[in-house]
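Trainee: I would like to learn how to read a ligand site. Please take me through one.

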Amino acid sequence: MKILLFGGSGQLGGELREKAKDLSFEVIAPVTKEVDISDRAQVIHLIKQVAPSVIINSAAYTAVDKAESERDRAFEINAKGPRIIGEAALEVGARVIHISTDYVFSGEASEPLDEGAKTGPINVYGESKLEGEKALQEIIPDNSLVIRTASLHGALGENFVSTMLRLFKEKESVSVVNDQVMSPTYAGWLAEVLLDLARMKDVVGLLHAAGQGAISWFDFALEIKKQSGLKCEIKPVSHTEFKRAARRPKYSALSTRALAAILGRPSISWQEGLRLHLERL
Ligand SMILES: NC(=O)c1ccc[n+]([C@@H]2O[C@H](COP(=O)([O-])OP(=O)(O)OC[C@H]3O[C@@H](n4cnc5c(N)ncnc54)[C@H](OP(=O)(O)O)[C@@H]3O)[C@@H](O)[C@H]2O)c1
């Protein structure tokens with residue numbers, strides 16, 4: 001199976017490239033310098049030239065706070081990009097697997113959100129990602145799959161886990177937000193799931209894929225401390241103590257019941273995802 005991967009240099013993209021190689025998929029992963037997904041001519045040319053069976057779009061504008069002041073660029077990459085990919089995929093008969101986010105939700109929920117839950121982004125990044133989802137569902141509904149994931153961490157990128165490990169070594173005490181709840185997701189696990197789904201041609205539409213559980217960043221930090229064995233005081237604080245440009249949902253944990261039914265196995269727990277991540281370091 002020939003896979004064209006956008007965003008191969010990113011945190012999730014790197015895991016996808018590694019896992020795909022282990023599983024003997026043929027993967028073509030252009031770097032951003034070669035193909036900017038918001039450049040229609042470049043994307044169409046490449047997709048026609050490669051003629052992949054599956055396109056995985058892990059490329060995105062992911063700077064959540066910066067997006068507040070770079071709205072146009074965020075929409076170019078996160079909304080126009082998937083639209084162009086969808087149009088080109090339709091022409092060559094390729095299936096599209098596109099990665100989206102729990103930030104399409106407003107944060108008003110109190111239990112894990114399923115695929116039918118009402119969206120309502122509260123920041124530019126979330127708005128632009130929701131537009132990207134909608135573009136694919138409009139252009140290529142019968143041959144695309146949108147995967148919403150959350151709070152990614154892995155050995156190949158900068159993320160909450162890498163930041164905590166660094167701070168635990170540098171500081172005696174760190175303050176971590178305890179009033180925002182989400183589902184931490186190990187990128188290595190997600191990459192495997194995406195490649196399983198790449199083989200399942202009939203799976204289209206929208207699916208949530210995240211670590212199982214709903215915890216605050218503070219609780220996640222406590223578990224990172226426990227599993228890493230590092231010593232540092234962790235203080236719970238409200239999100240209002242951190243001045244950030246973008247608002248974040250108070251609660252955006254994802255239900256993975258639908259994914260489990262399709263794969264025939266439950267999602268990884270967030271604790272096990274962390275264990276696998278730390279084991280790799
Ligand atoms: N990180 C999270 O916590 C999280 C949570 C939920 C959902 N997601 C979603 O998961 C996906 C992967 O996230 P990630 O953490 O792996 O992100 P990442 O590490 O920031 O990687 C983003 C990738 O997109 C590429 N890219 C950016 N602009 C591009 C453009 N105009 N054209 C082509 N490629 C471009 C980057 O290439 P360069 O390196 O060349 O810039 C990089 O390879 C994204 O769709 C993101 O929205 C992430």
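**Reading the ligand site**

Mentor: An oxygen atom of the ligand is 2.8 Å from a polar backbone atom of Leu 12. A polar contact is a pair of N or O atoms within 3.5 Å; within protein, one must be able to donate a hydrogen and the other to accept it, and residues adjacent in sequence count only if both atoms are side-chain atoms. This is a predicted model: local features need pLDDT of at least 70, side-chain atom pairs count only at pLDDT 80 or more, and totals for chains, interfaces and linings use all residues. Residues are numbered from 1 along each chain as its sequence is written, and side-chain values use heavy atoms, with hydrogens and water left out.

Trainee: Which side chains place a polar atom 2.7 Å from an oxygen atom of the ligand?

Mentor: Ser 9 does. Thr 62 does too. The protein covers 78% of the ligand's own 900 Å² of accessible area (Shrake-Rupley method, 1.4 Å probe).

Trainee: Which residues around the ligand come nearest?

Mentor: A residue is near if one of its heavy atoms lies within 4 Å. Here 24 residues surround the ligand, and Ser 9, Thr 32, Thr 62, Tyr 125 and Lys 129 come nearest.

Trainee: Which element gives the largest share of the shell?

Mentor: Helices (H or I, at least four residues) and strands (E, at least two) are DSSP runs, numbered from the N terminus. The answer is β4, with 3 residues. At least two shell residues each come from α1 (11–22), α3 (71–92), β4 (95–101) and α4 (124–139).
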